[in-house]
Structure formats: structure tokens, C-alpha cells
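Subject: Structure handover

Hello,

Here is the structure for you to take over. Please open it alongside this message; my notes follow below.

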Amino acid sequence: MPPKRRAPAAAEASAASAPKTRQSKLAKEHNITGAEENEIREAFALFAHKKKGEKEGVIPIGDVRRAMIALDIPPSPDELEEFVTILDPEEEGFAEYESFVAICALKFHNRDRTSDSHSKELDEAFSLFTQGGGEEKITLATLKRVAKQLREEVDDDMLRDMILEANGGTGVGRGVEKVEFEEIMRRAGVWR
């Protein structure tokens, strides 16, 4: 039997530099990324107590709101009341991990991405690339400047490819507008 082929060195290097978090069965069920599930797990662990038969433990119902605030998905008073009913139907005073993931996944999916906070966050992120908002688009020169500030050595071909990926291949000279920047950030999983 012939020996297995090795992946090219460049592919190995890129795979090692950007490890992807695998989706668990639970994450797939609720249509969330592995990274989102890890965030939920970390917030849950902050308040978790051990309980026999529960791998992840349980959190007191009184801490559900705090855990959701830690995830930046604070529930309204009405939502919290509904969530408590769902999480603890038998009024035992605790929420299990799987149910908590389901509730948080719902909140992640229902985030209002047309809100003022999203617009502000988008403007701030875009202005990091466009020198405080003075420019209308991200150009090759602005990407070079950002790479230099971050002390990253990125060759021009890579920067050109980044611009072409973001603007749909319409040309390096055209740059990347805010709408395209938002879309590429959504595809990267930064925003939903």
C-alpha cells in the first residue's frame, strides 16, 4: 500500500494558525457555531453547581439572567419569566445545560441586527480601518497601515485577495465599502 500523501506545508500552516471550533451535536441542533456554544458553556460554568447525573452541572434559576447578561443577550423581564418557565417547569430552582443552550441560541438568533448598538459597533470597527471614518472605503493602503500597526507582515498579494474577497472581485482599486465590510464580517461569524 502506498504511503499517505502529506498536505502541502502552506495548508498545514494555515490550519494550525486558525483552529476552528467544531460544532457539537447540541450546537448543530440549535444552529449555533462551535464558538457560540463555547461562549454559552463558559457563561454557564461561571454559575454552575455540580449535580449528580448532569455532566455540565446546573445553574440556579436566579443566575440565568446574570449568565445571559454575560453573553450580551440580556433578557427582558417578560422573556426572563418565560425562560424560567421553560428552563424549570417543575420549579426545582435549577436549569440544565441543554435547556440553557436552547434559550441562548434563540436569543442569539433573535438579536436585532438593525439596532443602534449594531450600527455603532459596525461604525467603530469600520473606522479602525478607515482612519477614524475620514475615508469612505477600505483600500489597499489602509490595510497596509493596519497590518503595520499590528506589526504583522502580510504581503501585498494577500491584502489584494482580502479586498477582492470582500468586494466580490470587482477590483482592488474600488476598495471595500461599509456594506461589504459588514457582509464579510457576518460571513466570518463576527455578526449574525
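Which helix gives the largest share of the lining of the second largest pocket? Helix 9 does, with four residues. Bear in mind throughout that this is a predicted model.

**The second largest pocket**

The second largest pocket holds about 450 Å³ of space. Its lining has 17 residues. Closest to the centre are Phe129, Leu143, Val146, Leu159 and Met162. Three elements give two or more residues each to this lining: helix 8 (140–149), helix 9 (156–166) and helix 10 (178–187). By class, the lining residues divide into 16 nonpolar, no polar and one charged.

**The chain as a whole**

The protein chain has 192 residues, and buried residues make up 32% of them. Its secondary structure comes to 10 helices and five strands. Consider the contacts in the chain with a separation of 6 or more: 52% of them join residues 24 or more positions apart.

**Helix 6**

Helix 6 covers residues 97–109. Does its length agree or disagree with the expected span? It agrees: at 1.5 Å a residue, the 13 residues should span 18 Å, and the end C-alpha atoms are 18 Å apart.

The buried residues of helix 6 are Tyr97, Phe100, Val101, Ile103, Cys104, Ala105, Lys107 and Phe108. Note that Lys107 is on that list. What do these buried residues pack against? On the helical side, their partners are helix 2 (25–29), helix 3 (34–47), helix 4 (64–70) and helix 5 (77–87). Strand 2 (54–60) and strand 3 (94–96) are partners too.

**Ile61**

Ile61 sits in the loop between strand 2 and helix 4. Is Ile61 buried or exposed? Its relative accessibility is 16%, so Ile61 counts as buried; the cut-off for buried is under 20%.

Leave aside the neighbours within four places in sequence. Ile61 is then in contact with Val84, Leu87, Asp88, Gly93, Phe94 and Ala95. Of these, Phe94 and Ala95 fall within strand 3 (94–96). Leu87 and Val84 fall within helix 5 (77–87). Thr85 is 24 residues from Ile61 in sequence, and the two are 9.9 Å apart in space, C-alpha to C-alpha.

**Salt bridges**

How many salt bridges are there? The count comes to eight. Side chains of opposite charge can pair when their charged atoms come close. Here are some of the pairs.

- Lys144 and Asp156: the closest N and O atoms are 3.4 Å apart. Lys144 lies in helix 8 and Asp156 in helix 9, so this pair ties together parts that are 12 residues apart in sequence. Lys144 is partly exposed, at 37% relative accessibility. Asp156 is partly exposed as well, at 31%.
- Asp157 and Arg160: the closest N and O atoms are 3.4 Å apart. Both residues lie in helix 9, three residues apart, about one turn of the helix. An α-helix has 3.6 residues a turn, so residues three or four places apart point the same way. Arg160 is partly exposed, with a relative accessible area of 31%.
- Arg174 and Glu180: these side chains meet at 2.3 Å, N to O. Arg174 is partly exposed, with a relative accessible area of 26%. Glu180 is buried, at 16%. The pair belongs to a network of salt bridges that links Arg174, Glu177 and Glu180.

**Two positive phi values**

Two loop residues are worth a look. Neither is glycine.

Asn31 has phi near 55°, a positive value. Asn31 is found in the loop between helix 2 and helix 3. With a relative accessible area of 53%, Asn31 is exposed.

Arg151 also has a positive phi, near 55°. Where is Arg151 found? It is in the loop between helix 8 and helix 9. Arg151 is exposed, with a relative accessible area of 77%.

**Where to look**

For the pocket, begin at helix 9, which gives the largest share of the lining. For the salt bridges, helix 9 holds both Asp157 and Arg160, and Asp156 also lies there. For the packing, go to helix 6 and its buried residues.

Best wishes

Notes. Residues numbered from 1 in each chain as written. Predicted model: local features only at pLDDT ≥ 70, side-chain atom pairs only at ≥ 80, totals over all residues. Heavy atoms only, no water. 1 Å grid on protein atoms, 1.4 Å probe; cavity = no way out; pocket = protein on both sides within 12 Å on 5 of 7 lines; lining within 4 Å. Points joined across faces, edges and corners; volume = space filled by probe spheres on them. Nonpolar A, V, L, I, M, F, W, Y, C, P; charged D, E, K, R; others polar. Expected span 1.5 Å × (residues − 1). Buried < 20%, exposed > 50% of the residue type's maximum accessible area, 1.4 Å probe, protein only. Contact = heavy atoms within 4.5 Å. Salt bridge = Lys/Arg side-chain N within 4 Å of Asp/Glu carboxyl O.
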